[in-house]
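This report introduces one protein chain to a reader who has not met it before. It begins with charged pairs and then turns to a helix and a sheet.

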Amino acid sequence: MANEERQQPLRLGSTAPNFKAETTKGPIDFHEFIGDKWVVLFSHPEDYTPVCTTELGAFAKLEPEFTKRGVKLIGLSANTIDSHDGWIKDINEISGSNLNFPIIGDKERKVAYAYDMLDYQDTTNVDSKGVAFTIRSVFIIDPKKTIRLILSYPASTGRNTAEVLRVVDSLQTGDKHRITTPINWVPGDDVIVHPSVNNEQAKELFPDFKIVKPYLRFTPLPKEKTTAA
């Protein structure tokens with residue numbers, strides 16, 4: 001596919017592009033697959049690669065935690081469904097997991113181009129024909145089909161599944177309670193009162209909030225009130 005055909009980069013707040021694709025669980029329409037759930041879409045350069053194998057095993061083990069939060073997982077790799085099926089057997093054997101979420105077959109890289117998952121700068125991240133592999137991208141998409149997070153990792157670096165789950169907790173809890181989360185936050189830590197909430201509103205919503213600076217106000221938020229509960 002020529003450079004000029006490449007899609008414009010997606011931004012936070014963009015509507016997740018819809019697509020139809022074959023997966024290891026059958027054909028899907030992506031927006032129908034999302035339905036009223038949150039979705040984590042993550043891509044892989046190719047089947048039977050070492051880093052990807054460890055990642056998919058880790059996501060499979062953590063899937064119950066995502067499910068509790070109303071989140072669906074879906075992977076993508078630039079190979080055929082038949083190739084995926086064989087790879088999943090290896091993943092389950094190596095990780096001791098039971099991978100149940102679908103993996104998209106994107107051999108033609110159509111979804112990869114729609115989501116700008118290709119890195120033209122990394123000249124080592126190509127197949128035997130010199131075609132760019134998909135990079136390790138992560139998209140968190142909410143039930144309104146809005147992209148809430150985009151992460152891109154180099155081919156040599158595995159992702160942190162706990163961090164993806166932490167961001168889900170932050171986004172869902174923030175949507176529910178009008179808060180934002182500080183550096184290294186985990187459920188149960190103090191949170192930040194959202195800037196759109198004035199002090200009078202904050203007194204009602206967060207009786208124990210503390211003003212550190214006019215622009216920085218902390219409040220306790222027990223873990224039971226977060227989506228991690």
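A search of the whole structure, which is a predicted model, finds ten salt bridges. Side chains of opposite charge can pair when their charged atoms come close. Three of these pairs are set out below.

| Salt bridge | Distance, N to O |
|---|---|
| Arg159 and Glu55 | 2.8 Å |
| Glu65 and Arg69 | 2.9 Å |
| Arg166 and Glu163 | 2.7 Å |

The salt bridge between Arg159 and Glu55 ties together parts that are 104 residues apart in sequence, because Arg159 lies in the loop between E7 and H5 while Glu55 lies in helix H2. Both Arg159 and Glu55 are buried.

For the pair Glu65 and Arg69, accessibility is as follows. Glu65 has a relative accessible area of 26% and is therefore partly exposed. Arg69, at 10% relative accessibility, counts as buried.

Arg166 and Glu163 are three residues apart in helix H5, so about one helical turn separates them. Arg166 counts as partly exposed at 22% relative accessibility, and Glu163 counts as partly exposed at 27%. Elsewhere, salt bridges that share partners join Glu65, Lys68, Arg69 and Asp169 into one network.

**The chain as a whole**

The secondary structure comes to six helices and eleven strands. Of the 229 residues in the chain, 47% are buried. Among contacts with a separation of 6 or more, 65% are between residues 24 or more positions apart.

**Helix H5**

Helix H5 covers residues 161–177. Its 17 residues, at 1.5 Å a residue, should span 24 Å, and this agrees with its end C-alpha atoms, which are 24 Å apart. At the start of H5, a side-chain oxygen of Asn160 comes to within 3.0 Å of the backbone nitrogen of Ala162. Just after the helix, Arg178 takes a positive phi of about 60°.

Is H5 mostly covered or mostly uncovered? The helix is mostly covered, with twelve of its 17 residues buried. The buried residues include Val164, Leu165, Val167, Val168 and Leu171, and also Asp169, a member of the salt-bridge network described above. What covers the buried residues includes helix H2 (50–68) and the strands E3 (38–44), E4 (71–77), E6 (136–141), E7 (147–153) and E8.

**The sheet E8-E9-E11-E10**

Strand E8 also belongs to an open sheet of four strands, ordered E8-E9-E11-E10, with antiparallel pairing. Its edge strands, E8 (179–180) and E10 (210–213), each pair on one side only. Strand E9 (residues 191–193) pairs with strand E11 (residues 216–219) in the antiparallel sense over two bridges. Ile192 stands opposite Phe218 in E11.

Arg217 also lies in strand E11. Which side chain of opposite charge is nearest to Arg217? That side chain is Glu200, 9.6 Å away, and Arg217 is buried yet has no salt bridge. The side chain of Arg217 does reach the backbone oxygen of Val197, at 2.7 Å. A polar contact of 3.0 Å also joins the side chains of Arg217 and Asn199. Leaving aside neighbours within four places in sequence, Arg217 is in contact with several further residues, among them Val191, Ile192, Val193, His194, Pro195, Phe209, Lys210 and Ile211.

Definitions and conventions:
Residues numbered from 1 in each chain as written. Predicted model: local features only at pLDDT ≥ 70, side-chain atom pairs only at ≥ 80, totals over all residues. Heavy atoms only, no water. Pairing = 2+ DSSP bridges. Buried < 20%, exposed > 50% of the residue type's maximum accessible area, 1.4 Å probe, protein only. Lys, Arg positive; Asp, Glu negative; His and termini not counted. Salt bridge = Lys/Arg side-chain N within 4 Å of Asp/Glu carboxyl O. Polar contact = N/O pair within 3.5 Å; in protein donor to acceptor, adjacent residues only side chain to side chain. Contact = heavy atoms within 4.5 Å. Expected span 1.5 Å × (residues − 1).
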